[in-house]
Amino acid sequence: MPMPADATVPFRFVLVRTAHPGNIGSTARAMRTMGFTRLELVAPARFPDPQATAMAAGADAVLALAGVHADMVAGLAGCSMAIGLSARRRGVALPEWSPREGAQQALAAAARGEQVALVFGNERTGLENSELAHCHGMVRIPSVDDFSSLNLAQAVQVMAYEMRLAMLATVPPAPPAPVGEPLADAVKMEQFFTHLEQTLDDIDFHKGRPPAVVVLRLRKLFQRSQMDERELRILHGILADAQRMARLAGVTGKRADAG
Ligand code: SAH
């Protein structure tokens, strides 16, 4: 019986740039054994694919309902909490959790009514810094230093198992208290970052320096703060005013002509 991949499912597993379709199938199986059904694929090399179906070993419903997305923001739509799994620290200033702590964080967020993504990287390159920048925390499975990288689907299995253990240990929570303002999801955050980058150009903040480093730092800063939609509206307002003042002052940022 297919299970709907709808917004009432609090947890999703997100595979980013998966190279081998067999790993997608094994992931579906690993998830299904632990009671998880929502799989989102970001830019998979091949999907659907007979190897995925073969490795799913009957967890076909998970594959049938899997979403396929061009980028991470689309795969994280609706989520206000994303946990990235990485074999290595990458100099990203994110809280680092064990799988057990990560599962607790995920359940706590779900109990607050948030949707949570568990994000896994490409088999060879893992999660890039720019991909981890969409995450609020990082889980490292404590493997040995000189051979730290698990097979993708096996990493999914470890995390799904920890999630299941945590759920079995939890008394079903009372329905979440009505919250005031919803937290900004990945799509709203991305709109804000786009506006922020435009504004930095418009006020000529970079002055010829390459923008990439400062932009990544600012992304991390705002990502950490888990803003709600009202706070985001205020920041959009400030940026719009800064853009207006820059136009009035005739600052010639790179995109001043873009309006
Ligand atoms: N060489 C890559 C490993 C990629 S393995 C790297 O160093 O990151 C594919 C994916 O499996 C990773 O992106 C990660 O999501 C997951 N994974 C593998 N080993 C892991 C570990 N020890 N801890 C957490 N996630 C791991």
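What volume does the second largest pocket have? In this predicted model, the second largest pocket has a volume of about 240 Å³. Its lining is made up of 12 residues, and those closest to the centre of the pocket are Ser80, Gly113, Glu114, Pro182 and Leu183. By class, this lining holds 4 nonpolar, 4 polar and 4 charged residues.

## The largest pocket and the ligand

The largest pocket has a volume of about 410 Å³. Its lining comprises 24 residues, of which Ser86, Ala87, Gly126, Ser149 and Leu150 are the closest to its centre. Sorted by class, 9 residues of this lining are nonpolar, 10 are polar and 5 are charged.

The ligand sits in the largest pocket. Around the ligand there are 21 residues, and Leu85, Arg88, Ile141, Ser148 and Leu150 come nearest. The shell that these residues form divides into 9 nonpolar, 7 polar and 5 charged members.

Several backbone atoms of the protein make polar contacts with nitrogen atoms of the ligand. For Ile141, a backbone N or O atom lies 2.8 Å from a nitrogen atom of the ligand. For Leu150, a polar backbone atom is 2.9 Å from a nitrogen atom of the ligand. For Ser86, the distance from a backbone N or O atom to a nitrogen atom of the ligand is 3.4 Å. On its own, the ligand has 540 Å² of accessible area, and the protein covers 95% of that area. Leu150 thus appears in two descriptions: it is among the residues that come nearest to the ligand, and it is also among those closest to the centre of the largest pocket.

## Enclosed space

Rolling a probe the size of a water molecule over the atoms shows where empty space is left. In this model, the count comes to 4 cavities of 30 Å³ or more. The largest cavity has a volume of about 100 Å³. It is lined by 14 residues, and the closest to its centre are His134, His136, Ala186, Met189 and Gln223.

Which elements each supply at least two residues of this lining? They are β4 (81-85) and α8 (186-202). The largest share, 4 residues, comes from α8. By class, the lining of the largest cavity has 8 nonpolar, 4 polar and 2 charged residues.

The table sets the three linings side by side.

| Space | Nonpolar | Polar | Charged |
|---|---|---|---|
| Largest pocket | 9 residues | 10 residues | 5 residues |
| Second largest pocket | 4 residues | 4 residues | 4 residues |
| Largest cavity | 8 residues | 4 residues | 2 residues |

## Backbone geometry

Most residues other than glycine have a negative phi, and most peptide bonds are trans. Two places in the model depart from this pattern. The peptide bond from Phe47 to Pro48 is cis, and its omega is near -5 degrees. Pro48 is found in the loop that runs between β2 (39-42) and α2 (50-56). Ala57, although not a glycine, has a positive phi of about 50 degrees. This residue, Ala57, lies in the loop between α2 and α3 (60-64).

Technical notes. Residues are numbered from 1 along each chain as its sequence is written. This is a predicted model: local features need pLDDT of at least 70, side-chain atom pairs count only at pLDDT 80 or more; totals for chains, interfaces and linings use all residues. Side-chain values use heavy atoms; hydrogens and water are left out. A residue is near a molecule or strand if one of its heavy atoms lies within 4 Å of it. A polar contact is a pair of N or O atoms within 3.5 Å; within protein, one must be able to donate a hydrogen and the other to accept it, and residues adjacent in sequence count only if both atoms are side-chain atoms. Accessible areas come from the Shrake-Rupley method with a 1.4 Å probe; for residues, only the protein chains shown count as cover. On a 1 Å grid over the protein atoms alone, a cavity is a set of points where a 1.4 Å probe fits but cannot get out, and a pocket is an open set with protein on both sides within 12 Å along at least five of seven lines; lining residues have an atom within 4 Å of a point. A molecule sits in a cavity or pocket if more than half of its atoms lie within 2 Å of its grid points. Ala, Val, Leu, Ile, Met, Phe, Trp, Tyr, Cys and Pro count as nonpolar, Asp, Glu, Lys and Arg as charged, and the others, Gly among them, as polar. Grid points are joined across faces, edges and corners, and a volume is the space filled by probe spheres set on the points.
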